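Here is a short tour of a two-part story: strand pairing in one chain and overall build in another. Please have a look at the sequence and the model before reading on.

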Amino acid sequence: MNAVIKATGLQKSYDGNRVVDGLDLAIHRGECFGLLGPNGAGKTTTLRMLLGLIAPDAGTATLLDLPVPQAAREARIRVGVVPQMDNLDPDFSVAENLLVYGRYFGMHDSEIKARIPDLLEFASLTHKRDAKVPTLSGGMKRRLTLARALVNDPDVIFLDEPTTGLDPQARHLIWQRLRELTQQGKTLLLTTHFMDEAERLCHRLAVMDNGKLISEGSPRELIESNIEPQVVEVYGETAAQWAGACAAGFAHRFEVSGESAFCYVNDAQPLVAHLQTQSALRYLHRPANLEDVFLKLTGREMRE
Amino acid sequence: MSGHYFALPRLSLRFFPIWRRHWLVWKKIAAPSILGHLADPVIYMLGLGYGLGSLLPEMGGMSYMAFLAAGTVCYSTMNSASFEALYSGFARMHEQRTWEAILNTPVSLDDVVLSEILWAATKSLMSGAAVLAVIWILGLSHSLMSLWMIPLALLIGLAFAALGLIMTALAPAYDFFMYYFTLVITPMMLLCGVFFPVAQLPHGFQVVAGALPLTHAVDLARPLMNGVIPPQAVLHIGVLLAYALAAFYISLVLFRRRLSR
């Protein structure tokens, strides 16, 4: 089983800042792989190097067994890209966007036109075939961008934050379509900072920060290997004081953020029993999730 | 590490689908666009031609209107290539992110930049041909040799498209283009023999004008309009070609640097 996307020791600096720092990655055929990380972690730069759009300072990468950036052009014939920001052609209709984009892959008009009905149906845009791009909603534009990325029937699809800025209905529709693509055997590499998105869609994930991969595995493996299984969130004006005084007695680890305390425990029962006696505090007991892992690995400070 | 910025252009026919994209956009706005190509230069030519022409018995051995006609074709082709390469090119590179979308396909930046130059030159060709048609209709040129103005419009377009793309590659925002129009395009229109012969200028200005591409364009255009083979035609064509090729290479290096992150 060889890797469809492979990176070894990938490195890239801008103005002396190392944006990607010795990255190793192997993504297999048919896999949906998620790259997680806070803003500025190096996700987009990594994608751009794997697509062969920019050259790494050190290290090597292959895309569909072709070395990039050296043979990027040949590799990209079988790749689709959904960029972070929409770059549809505003002067064109929905169908024209697909036609014009297909030509960049060297496809004949007849070949593209034969694919357009299926692409529109996949994107639930059949009724918008002749609508101009500026009249589409944000969700429709994203779906059209996804359809455009499929015009060449690619084996690998890169998605850079595919659902950022969308409402829940639009996100769920995109997720459903991405799952259909993995079922068809396509390989997906996506970046996101929505943990629920990553948990639902991805077979494997890597958490990236400061240009390095800091943890890698299936969503469940990441949770099991990085964090206690139970979380008790404690809220209230006195939560911080309570945590300072009592949390260490119940929890392996706890964090205070504003008026909330997050307690990470193997067995929540003693803590829950204690909290039931604290009338000034509210609490929520839940299993640990990917967001807990993410915050543990990358910290709670803002990245701006 | 930055050595690849300076690699020679690798050209391919993959520019053509991008050119077709620009053409498809243009077709949607063809009517106002053709009007724009024509209105400004024709009004200048007729206004100055009739207004000043009545005061001037002749210029360079012909009526002032006929003198202006050749210059008008040249500067209108210069303008259409420049506007396309600067404002529309910047919109496609920066505002609409059209280039980003194209570069995710099996098309390289070299192909994208080539398509921009060829498209802007196509606009020059259309604008030159439109002005030429008016000149014929008005009976300002009778020579079939004036048909050579059509390939000349393309050549002028290539040179000014490539020069304009250097500015586009450097521009932080649209405001930046005002420098180029004020400091480069307008002076060329006034110094390069469009409205009066370069020989009327003081010596220093003549030397400067001799180095500017529009002067060479006008030196080719005016004899052609009158059915004369332009003197030193090879030199003038060579200068325009050299501007086109050198500016294409420089703009490509600058775009590679700008888009390398």
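Strands here are DSSP runs of E at least two residues long, numbered from the N terminus, and two strands count as paired if DSSP finds at least two bridges between them. Please keep in mind that this is a predicted model.

**Strand pairing in chain A**

With those terms in hand, let us turn to the hairpin of β9(A) and β10(A). There are 2 residues between its strands, and Asn210(A) takes a positive phi near 50 degrees. The two strands of this hairpin pair in the antiparallel sense. Strand β9 of chain A also has a parallel partner, strand β3 of chain A. The table sets the two pairings side by side.

| Strand pair | Residues of the partner of β9(A) | Sense | Bridges |
|---|---|---|---|
| β3(A) and β9(A) | 32-36 | parallel | 4 bridges |
| β9(A) and β10(A) | 212-217 | antiparallel | 5 bridges |

Which residues face Leu205(A) across these pairings? On the β3(A) side, Gly34(A) stands opposite Leu205(A). On the β10(A) side, the residue opposite Leu205(A) is Gly217(A).

**Domains of chain A**

Stepping back, the domain assignment divides chain A into domain 1, residues 3-224, and domain 2, residues 228-287. Between the C-alpha centres of these two domains of chain A the separation is 39 Å.

**The build of chain B**

Now for chain B. Its secondary structure consists of 10 helices and 0 strands, so read from the N terminus, every element in the series is α. The C-alpha trace of chain B spans about 60 × 40 × 35 Å along its principal axes. How does the radius of gyration of chain B agree with that of a compact globule? Chain B has 19 Å, which agrees with the value near 18 Å that a compact globule of 261 residues would have.

Two further figures fill in the picture of chain B. Buried residues account for 47% of its 261 residues. Among contacts in chain B with a separation of 6 or more, 79% are between residues 24 or more positions apart.

**A closer look at His142(B)**

His142(B) sits in the loop between α5 (109-137) and α6 (149-170) of chain B. Is His142(B) buried or exposed? His142(B) counts as exposed, because it has 12 C-beta neighbours inside 10 Å, and the cut-off for exposed is 12 or fewer. This loop residue also gives an example of two positions brought together from far along the chain: His142(B) and Asn226(B) are 84 residues apart in chain B, while their C-alpha atoms are separated by 7.5 Å.

Notes
Residues are numbered from 1 along each chain as its sequence is written. Chains are lettered from A and ligands numbered from 1 in the order in which they are written. This is a predicted model: local features need pLDDT of at least 70, side-chain atom pairs count only at pLDDT 80 or more; totals for chains, interfaces and linings use all residues. Domain bounds come from an automatic or database domain assignment. The radius of gyration is taken over C-alpha atoms; the globule rule is 2.2 Å times the number of residues to the power 0.38. A residue is buried if 20 or more other C-beta atoms lie within 10 Å of its own, exposed if 12 or fewer, and partly exposed in between; C-beta atoms are placed from the backbone. Two residues are in contact if their C-beta atoms, placed from the backbone, lie within 7 Å.
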